[in-house]
Amino acid sequence: MKKKFKFKKSVKVIFFLLVLSALCYFSYNFFANNSDVTNGDKESENSDATVDKLTKLGFSNGDITLLKQYLSESELNLIDIYDENVVNFVSNSYFEIDNLERYISYMNDNDYDADEVVTYVNVGIDKPFYTDVKTISDPDNILVLCNKYNVLPSDYEPDDLTQVGYSGIYMRKEAAENMYQMVLAAQSDGLKINLVSGYRSYDYQVDLYARHVRERGEAEADRVSARAGHSEHQTGLAMDLSNDWSLEKYFEDTELFKWLSENDYKYGFILRYPKDKEYITGYDYEPWHYRYVGVEVATVIHNEDITYEEYVMKYLSN
Ligand SMILES: [Zn+2]
């Protein structure tokens, strides 16, 4: 009898242990699932915190919905300033969150619309010329951007300089060949292209710029002449053209200029310093200065009617 009782007791113990372990198993799963829910909550808490922050900064619910449409959570978190134009900047496909403060202050200081501001700040023209100058790492690249923010190494000289026809004027081989074809094409249309200035060395540019400074002072010299290392002529990809031998504004009224405006891109050339774009290119209008970029790129620039700085920003950065 006692034994039977004992047996019954141990069955109870086993049963109890089974129930206990089943309980442990289910409760473990329950809490594991629950902790996932907790993580999810955390995410939405983060998102709520971001919304709170943006609201406190002054953004409306409508603004925030729009910001969320264009920016990731981490980008949203980087916004720490309210400005009514932020919503206009973010929809631009070239918007960069790191430039936000520069967009805002450039917008406030100028009369441009939001898209123009994004473009110009990305190009870098909100900073004074010759500040934050970067040394060009691939000067041999046909698409090299050489301007007042990007300088060529002082010892850079292209190793494929080639004479254009028998002009005694040199460019990089590919540019020289295309320039020669353009000269022949103009000629067959009854127009003579005079090649005034092609490749110029760093040292030559040092003297040329110094002469301009002596004659006009630094500010005016900077509008019309490049400081050494900043001249496209050192790349071997630029050429100054003329109907006579002068380089003057009246060139824009000539038949030759009209012909070039319609045909230059077919030979891979662009007008590098167009009219009314000084604030982007950093140079006064130069109807005579042409830059080789290859037919494909020149065609895009021709069709979109943009400067080379804008092309680089749109198609070549990141
Ligand atoms: Zn030039």
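This report walks through the pockets, the zinc site and some salt bridges of a predicted model.

## The largest pocket

Let's start with the biggest opening. The largest pocket holds about 870 Å³ of space. Its lining counts 32 residues, and those closest to the centre are Asn122, Lys134, Leu145, Asn150 and Ser317.

Where does the largest pocket sit relative to domain 2 and domain 3? Domain 2 (61-123) and domain 3 (134-316) both give residues to the lining, so the pocket lies between them. Looking at individual elements, α6 (114-123), β1 (134-135) and α13 (308-316) each bring at least two residues to that lining. The largest share comes from α13, with five residues. As for chemical character, the lining of the largest pocket is made up of 12 nonpolar, 12 polar and eight charged residues.

## The second largest pocket

Next comes the second largest pocket, with a volume of about 590 Å³. Its lining has 27 residues, and His212, Val224, Leu247, Glu286 and Trp288 are the ones nearest the centre. Two elements, β5 (194-197) and α8 (202-216), give two or more residues each to this lining.

Of the elements, α8 gives the most to the second largest pocket, namely six residues. Sorted by class, the lining here comes out as 10 nonpolar, eight polar and nine charged residues.

## The zinc site

Now for the metal. Three residues coordinate the zinc ion at 2.1 Å: His233 through NE2, Asp240 through OD and His289 through ND1. Along the chain, these donors follow the spacing H-x6-D-x48-H.

Are the zinc donors His233 and Asp240 buried or exposed? His233 has a relative accessible area of 2%, so it is buried. Asp240 counts as buried too, because its relative accessibility is 4%, and the cut-off for buried is under 20%.

## Asp240 and its salt bridge

Asp240 turns up again outside the zinc site, since the structure holds 18 salt bridges and Asp240 takes part in one of them with Arg200 (3.7 Å, N to O). This pair links distant parts of the chain: Asp240 belongs to strand β6 (residues 238-242), while Arg200 is found in the loop between β5 and α8, 40 residues apart. Both Asp240 and Arg200 are buried.

## A salt bridge across the chain, and one within a helix

Another pair to look at is Arg223 and Asp284, whose closest N and O atoms are 3.2 Å apart in a salt bridge. Arg223 is part of helix α9 (residues 218-224) and Asp284 is in the loop between α11 (278-281) and β8 (289-292), so this contact ties together parts that are 61 residues apart in sequence. With a relative accessibility of 31%, Arg223 counts as partly exposed, whereas Asp284, at 16%, is buried.

Lys258 and Glu262 offer a more local picture: they too form a salt bridge, with the closest N and O atoms 3.7 Å apart. Both residues lie in helix α10 (residues 255-263), four residues apart, or about one turn of the helix. Glu262 is partly exposed, at a relative accessible area of 44%. Back with Arg223 and Asp284, salt bridges that share partners join these two with Glu220, Lys249 and Glu278 into one network.

Technical notes:
Residues numbered from 1 in each chain as written. Predicted model: local features only at pLDDT ≥ 70, side-chain atom pairs only at ≥ 80, totals over all residues. Heavy atoms only, no water. 1 Å grid on protein atoms, 1.4 Å probe; cavity = no way out; pocket = protein on both sides within 12 Å on 5 of 7 lines; lining within 4 Å. Points joined across faces, edges and corners; volume = space filled by probe spheres on them. Nonpolar A, V, L, I, M, F, W, Y, C, P; charged D, E, K, R; others polar. Domains from an automatic or database assignment. Donors = N, O, S within 2.8 Å, 3.2 Å for Na, K, Ca; no water. Buried < 20%, exposed > 50% of the residue type's maximum accessible area, 1.4 Å probe, protein only. Salt bridge = Lys/Arg side-chain N within 4 Å of Asp/Glu carboxyl O.
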